[in-house]
Amino acid sequence: MRNRGLGFRNAVRALALVLALRPAALFAAEPMPLRADLQIPLILKILTYDRHLESKAGAQLMVGVVYAPTDVTSVAAANEVSDVLFRFQDKTVKRLPIRFRLVEYTTPEALERTVERWGISVFYVAPGSARNLDGIKVISQKRGVTTTTGVPDYVRRGLSVGLGLSDDRPQILVNQASARAEGSEFDASLLRISVPVK
């Protein structure tokens, strides 16, 4: 476990170096502290620390990219995330093949039907979804879907895992109460290098 934690720390340090070399202006126009192509590899790595991931996911890791269809920022971010996830479809997380679906949020009932239809075990919640968080949380906790996001405030408002930026370094945010409510249990080696959110 110790080596695994060190390897993840090294990956975060390497990403921090990449971030430090990029002009700050690139981030000014972004709705999230980290761009999608920097977030998704970290989120997929974070998921490997969930002790219950395989039992929740089944035969594949199906990520539902949840966005607000009437919000331009949300649609754009969801498309960026799906483009990155498309490049990961030949990879695995804990031997589970990675798949994804774009999911328009309309109502909690429609979201639950989508989860059931596609076997979604992870939500990636795009920016522009602030008004929908309560409905998303109801379904994620009812159906045991792990919530992830690139919007730090969404973790403070009850999603399980997110990424932020502190001193030009990626910051992992974990809301353990929400994670437990969604049926996840993250390894202590991840929790030691993350920021707890309540």
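**Exercise 1. Find which helices and strand supply at least two residues each to the lining of the largest cavity.**

Solution. Step 1: fix the terms. The model is predicted, local features need pLDDT of at least 70, side-chain atom pairs count only at pLDDT 80 or more, and totals for chains, interfaces and linings use all residues. Residues are numbered from 1 along each chain as its sequence is written, and side-chain values use heavy atoms, with hydrogens and water left out. Helices (H or I, at least four residues) and strands (E, at least two) are DSSP runs, numbered from the N terminus. A cavity is a set of points, on a 1 Å grid over the protein atoms alone, where a 1.4 Å probe fits but cannot get out; lining residues have an atom within 4 Å of a point.

Step 2: list the lining. It consists of Ile40, Ile43, Leu44, Val63, Val81, Leu85, Val122, Tyr124 and Thr148.

Step 3: assign elements. Helix 3 (36-47), helix 5 (72-87) and strand 4 (122-125) each supply at least two of these residues. Helix 3 gives the most, with 3 residues.

**Exercise 2. State the volume of the largest cavity and the classes of its lining residues.**

Solution. Step 1: take the volume. The largest cavity holds about 50 Å³ of space. A volume is the space filled by probe spheres set on the points, with grid points joined across faces, edges and corners.

Step 2: sort the lining. It has 8 nonpolar, 1 polar and no charged residues. Ala, Val, Leu, Ile, Met, Phe, Trp, Tyr, Cys and Pro count as nonpolar, Asp, Glu, Lys and Arg as charged, and the others, Gly among them, as polar.

**Exercise 3. Decide whether threonine 149 is buried or exposed, and find the partners of its side chain.**

Solution. Step 1: place it. Threonine 149 lies in strand 5 (residues 146-149).

Step 2: check exposure. Threonine 149 has a relative accessible area of 0%, so it is buried (under 20%; exposed is over 50%, partly exposed in between; 1.4 Å probe, protein chains only).

Step 3: find the partners. A polar atom of the threonine 149 side chain lies 2.8 Å from the backbone oxygen of valine 125. The backbone nitrogen of valine 151 lies 3.1 Å from a polar atom of that side chain.

**Exercise 4. Locate glycine 144 and decide whether it is buried or exposed.**

Solution. Step 1: place it. Glycine 144 sits in the loop between helix 7 (133-143) and strand 5.

Step 2: check exposure. Its relative accessibility is 18%, so glycine 144 counts as buried.

Step 3: look across the chain. Glycine 183 is 39 residues away in sequence, yet the C-alpha to C-alpha distance from glycine 144 is 5.4 Å.

Key: On a 1 Å grid over the protein atoms alone, a cavity is a set of points where a 1.4 Å probe fits but cannot get out, and a pocket is an open set with protein on both sides within 12 Å along at least five of seven lines; lining residues have an atom within 4 Å of a point. A polar contact is a pair of N or O atoms within 3.5 Å; within protein, one must be able to donate a hydrogen and the other to accept it, and residues adjacent in sequence count only if both atoms are side-chain atoms.
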